[in-house]
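The turns below go through some labels used for a protein structure and ask what each one rests on. Each answer sets a value against its cut-off and then concludes.

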Amino acid sequence: MLETNRCRLAKLQEADCQDVKKLYIDTKVREFLGGIVGEESYQIKFSDMCKSRTDALYWVIREKENGLFIGLISLDLHHDGVSTEVSYQLLPEWWRKGYGIEAIERVIAYAFMELRLSKVIAETQTANISSCKLLERIGMRLEQKIQRFGAEQAIYIIHNTLLI
């Protein structure tokens, strides 16, 4: 389990299925992620996340104080097949309150200190201005823009200065 000032990040378990499903059926959360996901597709995706390979880590983000579900964060292989990507989804009621920043910074610290990764990347649609600002705020810098999934994507990067 990982912790921040206000959050607990626990490894994803089968018991988290209904909470995580809230992310996949929320139109606001899924606006820049390809839209909401149907039940059958969700069950397959959730099962895959729970049985993730050793190179993919998924954590459920919960508020420390009362255990309320905030969202999901992961470290997984990026579409490039080389880089490790941090991905995150938070329920809208938790947006713009600093929880995303706390969780992402903690997972990146884990990637650098525990996994000894030299860099972590993140990909988001350029149209998702809030996500772009969040990534910049935690110190990631825009590496490149590409077309993927029918939209312009921004790829951000942060390097492990401990290994330099």
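**Labels and the values behind them**

Ring pairs link Y24, Y42 and F46 into a cluster. The model is predicted.

Q: What makes Y24 and Y42 an aromatic pair, and which kind of pair is it?
A: The ring centres of Y24 and Y42 are 5.4 Å apart, and the limit for a pair is 6.5 Å. The planes stand at 50°; stacked needs under 30 degrees and edge-to-face over 60, so the pair is called tilted.

Q: Which parts of the chain does the pair of Y24 and Y42 tie together?
A: Y24 lies in helix 1 and Y42 in helix 2, so the pair joins parts 18 residues apart in sequence. Both Y24 and Y42 are buried.

Q: Why is the pair of Y42 and F46 called tilted?
A: The centres of the Y42 and F46 rings lie 5.8 Å apart, with the planes at 35°. Stacked stops at 30 degrees and edge-to-face starts over 60, so 35° falls under tilted.

Q: Where do Y42 and F46 lie, and are they buried or exposed?
A: Both are in helix 2, 4 residues apart, which is about one turn of the helix. Y42 and F46 are both buried. The whole structure holds 4 aromatic pairs.

Q: Why is helix 1 called oblique to helix 2?
A: Helix 1 and helix 2 pack at an angle of about 125°, with their axes 11 Å apart. Roughly perpendicular covers 65 to 115 degrees and roughly antiparallel begins over 145, so an angle of about 125° makes helix 1 oblique to helix 2. The crossing of helix 1 and helix 2 is right-handed.

Q: What makes the contact between E39 and K21 a salt bridge?
A: The side chains of E39 and K21 meet at 2.4 Å, N to O. The cut-off is 4 Å, so the contact counts as a salt bridge. This pair links distant parts of the chain, with E39 in helix 2 (residues 39-50) and K21 in helix 1, 18 residues apart.

Q: Are E39 and K21 buried or exposed?
A: K21 has a relative accessible area of 17%, and buried means under 20%, so K21 is buried. E39 has 42% relative accessibility, between the 20% and 50% limits, so E39 counts as partly exposed.

Q: How do you know that D19 forms salt bridges with K22 and R62?
A: The N to O distance is 3.1 Å for D19 and K22 and 2.7 Å for D19 and R62. The cut-off is 4 Å, so each contact is called a salt bridge.

Q: Where do the partners of D19 lie along the chain?
A: D19 and K22 are both in helix 1 (residues 17-24), 3 residues apart, about one turn of the helix. R62 is in strand 3 (residues 57-63), 43 residues from D19, and that pair links distant parts of the chain. A network of salt bridges links D16, D19, K22 and R62. The structure holds 9 salt bridges.

Q: Why does D19 count as buried, while K22 counts as partly exposed?
A: D19 has 18% relative accessibility, and buried means under 20%, so D19 is buried. K22 has 39%, which lies between 20% and 50%, so K22 is partly exposed.

Q: What makes R6 a charge over the ring of Y99?
A: The charged end of R6 sits over the Y99 ring, 3.8 Å from its centre. The distance limit is 6 Å.

Q: Why is R96 called exposed and R116 partly exposed?
A: R96 has a relative accessible area of 69%, and exposed means over 50%, so R96 is exposed. R116 has 48% relative accessibility, which does not pass that limit, so R116 counts as partly exposed.

Q: What is noted about phi of R96 and of R116?
A: Phi of R96 is near 60°, a positive value in a residue other than glycine, and phi of R116 is also near 60°. Most residues other than glycine have a negative phi. R96 lies in the loop between strand 5 (84-90) and helix 3 (99-113), and R116 in the loop between helix 3 and strand 6 (119-125).

Key. Residues are numbered from 1 along each chain as its sequence is written. This is a predicted model: local features need pLDDT of at least 70, side-chain atom pairs count only at pLDDT 80 or more; totals for chains, interfaces and linings use all residues. Side-chain values use heavy atoms; hydrogens and water are left out. Helices (H or I, at least four residues) and strands (E, at least two) are DSSP runs, numbered from the N terminus. Buried means under 20% relative accessible area, exposed over 50%, partly exposed in between (1.4 Å probe, protein chains only). Rings of Phe, Tyr and Trp (its six-membered ring) pair if their centres lie within 6.5 Å; planes under 30 degrees apart count as stacked, over 60 as edge-to-face and the rest as tilted. A charge sits over a ring if NZ of Lys or CZ of Arg is within 6 Å of the ring centre and within 35 degrees of the ring normal. Axes are lines fitted to C-alpha atoms, for helices over the stretch in contact, and angles run from 0 to 180 degrees between N-to-C directions. Angles under 35 degrees count as roughly parallel, over 145 as roughly antiparallel, 65 to 115 as roughly perpendicular and the rest as oblique. A crossing is left-handed if the near helix is turned anticlockwise from the far one by less than a right angle, and right-handed if clockwise.
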